[in-house]
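User: I'm new to this one and would like to learn how to read its features. Could you walk me through them?

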Amino acid sequence: MTTLVKIHRKGQMTLPVKLRSMAGISEGDLVEAAFQRGKIVITPKLVIDRSEFANADEDYTPAQRRKIDARLAKSDEDIKHGRVYGPFHTADEMAASIEANIKKLRTAKRKTKPAA
């Protein structure tokens with residue numbers, strides 16, 4: 001659906017009811033406005049109040065939390081340095097990648113095994 005919308009003072013505009021309902025936008029909802037390839041794109045956004053959900057902060061001892069944080073920091077470093085696989089568009093692509101890497105590891109182990 002395409003419609004003309006007039007821009008008022010201070011850049012305000014009214015989205016027609018039909019567009020709002022098609023996009024699932026109601027009064028008070030938040031939208032993201034972006035400029036992409038010469039067009040203004042408005043995307044509905046859902047904001048979640050995380051304070052309403054339980055978290056695991058009290059479920060771990062300080063020692064466990066330090067270990068978790070260290071592992072997360074290591075994984076962030078791996079990502080930064082490109083030590084990752086993917087992205088995969090299908091589960092079959094992921095499975096094929098895993099199988100290929102297993103073959104590489106097995107071949108590397110055979111080469112480093114001492115002769116008996």
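Analyst: Sure, we'll take salt bridges, then the surface patch, then a few backbone details. Keep in mind that this is a predicted model.

User: Let's begin with salt bridges. What's the general idea, and how many salt bridges does the structure hold?

Analyst: Here's the idea: side chains of opposite charge can pair when their charged atoms come close. The structure has five salt bridges. Let's look at some of them, beginning with Glu32 and Lys45, whose closest N and O atoms are 3.8 Å apart. Glu32 sits in strand β1 and Lys45 in strand β2, so this pair ties together parts that are 13 residues apart in sequence.

User: How exposed are Glu32 and Lys45?

Analyst: Glu32 is partly exposed, because its relative accessible area is 38%, and being "partly exposed" means falling between 20% and 50%. Lys45 is partly exposed as well, at 41% relative accessibility.

User: And which salt bridge does Lys74 form with a residue of helix α2?

Analyst: Lys74 pairs with Asp78, and their closest N and O atoms are 3.5 Å apart. To read a pair like this, check the spacing along the helix: Lys74 and Asp78 are four residues apart in α2 (residues 62-80), so about one helical turn separates them. Lys74 is exposed, with a relative accessible area of 53%.

User: Which residues are linked with Lys74 in a network of salt bridges?

Analyst: Asp78 and Arg83 are linked with Lys74 in that network.

User: How far apart are the closest N and O atoms of Glu77 and Lys80?

Analyst: In that salt bridge they are 3.4 Å apart. Both residues lie in helix α2, three residues from each other, which is about one turn of the helix. Glu77 is partly exposed at 33% relative accessibility, whereas Lys80 is exposed at 63%.

User: Now the surface. Which residues form the nonpolar patch?

Analyst: For a patch, you look for nonpolar side chains that are accessible and sit within 5 Å of one another. Here the patch consists of Ile7, Met13, Val31, Phe35, Ile40 and Ile42, and together they have about 600 Å² of accessible area. Strands β1 (30-36) and β2 (39-45) each supply at least two of the patch residues.

User: Take Phe35 from that patch. Is Phe35 buried or exposed?

Analyst: Phe35 is found in strand β1. It counts as exposed because its relative accessibility is 64%, and the cut-off for exposed is over 50%.

User: On to the backbone. Where is the place of Arg37, and what is its phi?

Analyst: Arg37 is in the loop between β1 and β2. When you read phi, check its sign and the residue type: Arg37 has a phi near 50°, a positive value in a residue other than glycine. Arg37 is also exposed, with a relative accessible area of 86%.

User: What is the phi of Lys10?

Analyst: The phi of Lys10 is near 60°, again a positive value in a residue other than glycine. Lys10 belongs to the segment before α1 (17-23), and at 78% relative accessibility it counts as exposed.

User: One last feature: which residues does a cis peptide bond join?

Analyst: For a peptide bond, omega is the angle to read. The cis bond here joins Gly86 and Pro87, with omega about 5°. Pro87 lies in the loop between α2 and α3 (91-112).

How values were computed:
Residues are numbered from 1 along each chain as its sequence is written. This is a predicted model: local features need pLDDT of at least 70, side-chain atom pairs count only at pLDDT 80 or more; totals for chains, interfaces and linings use all residues. Side-chain values use heavy atoms; hydrogens and water are left out. Patches are made of residues with over 30% relative accessible area and no salt bridge: like charges are joined within 9 Å, nonpolar side chains (Val, Leu, Ile, Met, Phe, Trp, Tyr) within 5 Å. Accessible areas come from the Shrake-Rupley method with a 1.4 Å probe; for residues, only the protein chains shown count as cover. A salt bridge is a side-chain nitrogen of Lys or Arg within 4 Å of a carboxyl oxygen of Asp or Glu. Buried means under 20% relative accessible area, exposed over 50%, partly exposed in between (1.4 Å probe, protein chains only).
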